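This report describes a helix, a pocket and one residue in a protein model. Please keep the sequence and the structure in view while reading.

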Amino acid sequence: MKSALLLLDLQNEMVDPKGKVGAHGLAQIVEDRGVLVNAKRCLDAARAAGMAVVHVRLGFRPDYADCLSVAARIGGLKNNRAAIVGEFGTEFHPSVAPLDTELVITKQCVNPFFNTGLMTWLMQNGIKRLYLGGVATHLVVESTARFADDAGFAPVVIEDICAAPNPALHDHFISMIAPAVGTVSNSDAFVAAASEG
């Protein structure tokens, strides 16, 4: 089964203390959990193995005309002028920045499959197993895993490259939901699997 590594929203807005979301505690949780260190290990292993890598980020026009959601959290993003394409917040953290040859998906919602070319690209490349992780666990990671399962992919959540602002939200998804839509793994197991081909 051909595989890809999907790194989800590991962008400055979320994972850097200067990010407009990260500054409110998420960046510290990312640091405490070793998310970026573990994600870099996975990224290095995927590259060494010749595995496909996809970098996903949240990014909007400056006027947010491309933002469809009316959920309460969107008001906070708009008020803080967060996740605007071309600004610091939508750049990937340097430790996990994409190579020019790697696919970058910019989404305007939680689900990276919605209104993007992600599913078409995965299908064209014969990819069926999706190793994934990022922030936040209960938003982009959960949405990606659920949709991937519905679409016939085999999602594998790499638990230690995920984080949520509230540990209970992370734990609920990892223990209760992820096993129902896919499998749960960790960075050590991913690195070992990637090295074996």
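Leaving aside residues up to four places away in sequence, Val30 touches Val15, Val35, Leu36, Val135 and Ala163. The model behind this description is a predicted one. Val30 has its place in helix α2, and it counts as buried because its relative accessible area of 3% falls under the 20% cut-off. Between Val30 and Gln11 there are 12 Å from C-alpha to C-alpha, with the two residues 19 apart in sequence.

Helix α2 also appears in the surroundings of α7, whose buried residues pack against α2, α6, β5 and β6. Those buried residues of α7 are His170, Phe173, Ile174, Ile177, Ala178 and Val181. Where does α7 bend? The bend, of about 35°, is at Ile174, a residue that is itself buried. At the start of the helix, a side-chain oxygen of Asn166 comes to within 2.8 Å of the backbone nitrogen of Ala168. The table gives the extent of α7.

| Property of α7 | Value |
|---|---|
| Residue range | residues 167-181 |
| Length | 15 residues |
| Span, first C-alpha to last | 20 Å |
| Expected span | 21 Å |

The largest pocket holds about 500 Å³ of space. Its lining is made up of 26 residues, and Met14, Val21, Arg73, Leu77 and Leu139 lie nearest the centre of the pocket. Two or more lining residues are given by each of α4 and α6, and α4 supplies the largest share, with four residues. Helix α6 therefore recurs in this account, since the buried residues of α7 pack against α6 as well.

Note on methods: Residues are numbered from 1 along each chain as its sequence is written. This is a predicted model: local features need pLDDT of at least 70, side-chain atom pairs count only at pLDDT 80 or more; totals for chains, interfaces and linings use all residues. Side-chain values use heavy atoms; hydrogens and water are left out. The expected span of a helix is 1.5 Å times one less than its number of residues. The bend at a residue is the angle between axes fitted to the seven residues ending there and the seven starting there. Buried means under 20% relative accessible area, exposed over 50%, partly exposed in between (1.4 Å probe, protein chains only). Contact means heavy atoms within 4.5 Å. A polar contact is a pair of N or O atoms within 3.5 Å; within protein, one must be able to donate a hydrogen and the other to accept it, and residues adjacent in sequence count only if both atoms are side-chain atoms. On a 1 Å grid over the protein atoms alone, a cavity is a set of points where a 1.4 Å probe fits but cannot get out, and a pocket is an open set with protein on both sides within 12 Å along at least five of seven lines; lining residues have an atom within 4 Å of a point. Grid points are joined across faces, edges and corners, and a volume is the space filled by probe spheres set on the points.
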